[in-house]
Amino acid sequence: MTDTGTRAFRGLRLGGFAAMALAMAGQGAAAETLESALARAYAGNPTLNAQRAGQRATDENVPRALAGYRPTVTGSASAGVSYISGKLSALAAAGGGGGQETLYPRSVGIGVQQTLFNGFRTDNQTRQAESQVLGGRETLRNTEMQTLFTAAQAYMNVLADTATLELNRNNVEVLEEQLRQTRDRFNVGEVTRTDVAQAEARLAGARAQVSLAEANLRTSIATFRQVIGVEPRQLAPGRPIDRYVPSTLTAAVDIGLAEHPAILSALHAVDAAEAQVKIAESSLYPTATITGNAAQTLDQQIAGTRYFAGSIIGQLSVPLYQGGAEYAQIRQAKEQVGQARLQAEFTRDQVRAGIVTAWGALEAAKARVIASQAQVQANEVALNGVREEARVGQRTTLDVLNAQQELLTARVSLIAAQRDRVVGSYQVVQTVGRLTTRFIAVPVAQYSAKQHYDQVKDLWYGVRTPDGR
């Protein structure tokens, strides 16, 4: 084999993430790490930020519910012109029989209403809103985990597809050299036209594989940009997060059932549904309110008149029969509680199944890495032996081509296994509910959903959001 062919063949000897590092990392340049990519996704991913905005909107349900404890105050004012023509009592008293007068009636008043009792509706609306806030936080945490996992997938896909592309390009170089040598041997009568055709066919197939690998890489780069927010540049090799993976499958299931945000969110949904039953039942209770009014009026009927009126009125309203709709709402709310409990059980089963599946995939990836490494080593020895035997006529050109293809396939399988090994560790941590920037120590400023809640829960007035909008 010539020096050119030997150099091209060495490209196939790049194994796994070594090929990824050479493909993506620049000489002397600071490489993007998987941890920094996760930090970018955590801070700038639009899906995650949209969920945060939705959670901030959910926080406002609490001050809306608390408004039921507070009075409502209404101010009123009126002013106008009134023209009266005819027999006026005031003019008659002064000795006139009739006439006309222009008045300017004016009034200003204030009314205050306070609910004293409404069947515990406000209490239960507040409890429901708080359950919705807590459930929303768990949904937000679940979205964060999904975003981080998707970012890890996107990062590793770019690395794996880059390394696969490089291997396929190197394979084309090897096959081009192989074809050149086969043609030279054909010209001197050492091989037949069939050998040349086999080399040509294998080269055409390798070029097609390069085109496919390029398309896959472009897709991975687009997903990377979508999830992480920047184009991939100089990516460092990714590593599994085994230190955060539970030691056994049983421990992983126990942690997941206790901590996974999807389960906790479903349980908060049960609490909110139970509060809705109480809210519906409040329509059967009496309602007590107290209302105070004060008004100052001027020139209502006679010029120069002025009087003040004030009142405080208590009102008790007892529902006797309202058509039956309130009873249907209560029954409906009770059925929705049952539905929420069943959904929580379904979520538990879903989480358990996800943990078992992810755990099995990780174990399989570990085994595949070991097996693929052994396969690569064996194929390297086999290819070297086939090449030597082909030089002395004991092997055909097709034998060499097949050995090269088997080595390439083994290399690509090793890259895929190493990619699955890293992604699998992230998936296990996600399925147990711990793939958060805080737990896996991603260097990024933490977003606190509680901070916004504390800022708005006790506000009595104001239209500006805490961020100034």
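## Sheet, helix crossing and aromatic pairs

Four strands form an open sheet in the order 1-4-5-6, and their pairing is antiparallel. Strand 1 and strand 6 (306–317) occupy the edges, where each has a single partner strand, so one side of each is left without a neighbour in the sheet. From one strand to the next the twist averages 10°. The model described here is predicted.

At one of these edges, strand 1 (residues 72–79) is hardly covered, since the count of buried residues among its eight residues is zero. Its pairing with strand 4 (residues 106–117) runs in the antiparallel sense over eight bridges. Ser-76 has Gly-109 of strand 4 as its bridge partner, while Ala-79 has Arg-106 of strand 4.

Turning to the helices, the axes of helix 9 (residues 249–259) and helix 11 (residues 325–391) come within 10 Å and cross at roughly 150°, and the crossing in which helix 9 passes helix 11 is right-handed. Helix 9 contributes Leu-249, Ala-252, Val-253, Gly-256 and Leu-257 to the contact, and helix 11 contributes Arg-348, Val-351, Arg-352, Ile-355, Val-356 and Trp-359. Sorted by class, this contact of helix 9 with helix 11 consists of eight nonpolar, one polar and two charged residues.

A search of the whole structure finds five aromatic pairs; the table describes two pairs.

| Pair | Distance between ring centres | Angle between planes | Class |
|---|---|---|---|
| Phe-117 and Tyr-285 | 6.5 Å | 70° | edge-to-face |
| Tyr-244 and Phe-439 | 5.6 Å | 55° | tilted |

The pair of Phe-117 and Tyr-285 links distant parts of the chain, for Phe-117 lies in strand 4 and Tyr-285 in the loop between helix 10 (261–281) and strand 5 (287–298), 168 residues apart. Phe-117 is partly exposed, with a relative accessible area of 28%, and Tyr-285 is likewise partly exposed, with a relative accessible area of 37%. Together with Phe-120, Phe-117 and Tyr-285 form one aromatic cluster.

In the other tabulated pair, Tyr-244 belongs to the loop between helix 8 (193–228) and helix 9, and Phe-439 to the loop between helix 12 (397–431) and helix 13 (449–456), so the pair ties together parts that are 195 residues apart in sequence. Tyr-244, with a relative accessible area of 16%, is buried, whereas Phe-439, with a relative accessible area of 32%, is partly exposed.

Terms used. Residues numbered from 1 in each chain as written. Predicted model: local features only at pLDDT ≥ 70, side-chain atom pairs only at ≥ 80, totals over all residues. Heavy atoms only, no water. Buried < 20%, exposed > 50% of the residue type's maximum accessible area, 1.4 Å probe, protein only. Helix = DSSP H or I, 4+ residues; strand = E, 2+ residues; numbered from the N terminus. Pairing = 2+ DSSP bridges. Axes fitted to C-alpha atoms, helices over the stretch in contact; angles between N-to-C directions. Left-handed = near helix turned anticlockwise from the far one by under 90°. Contact = heavy atoms within 4.5 Å. Nonpolar A, V, L, I, M, F, W, Y, C, P; charged D, E, K, R; others polar. Phe/Tyr/Trp six-rings, centres within 6.5 Å; stacked < 30°, edge-to-face > 60°.
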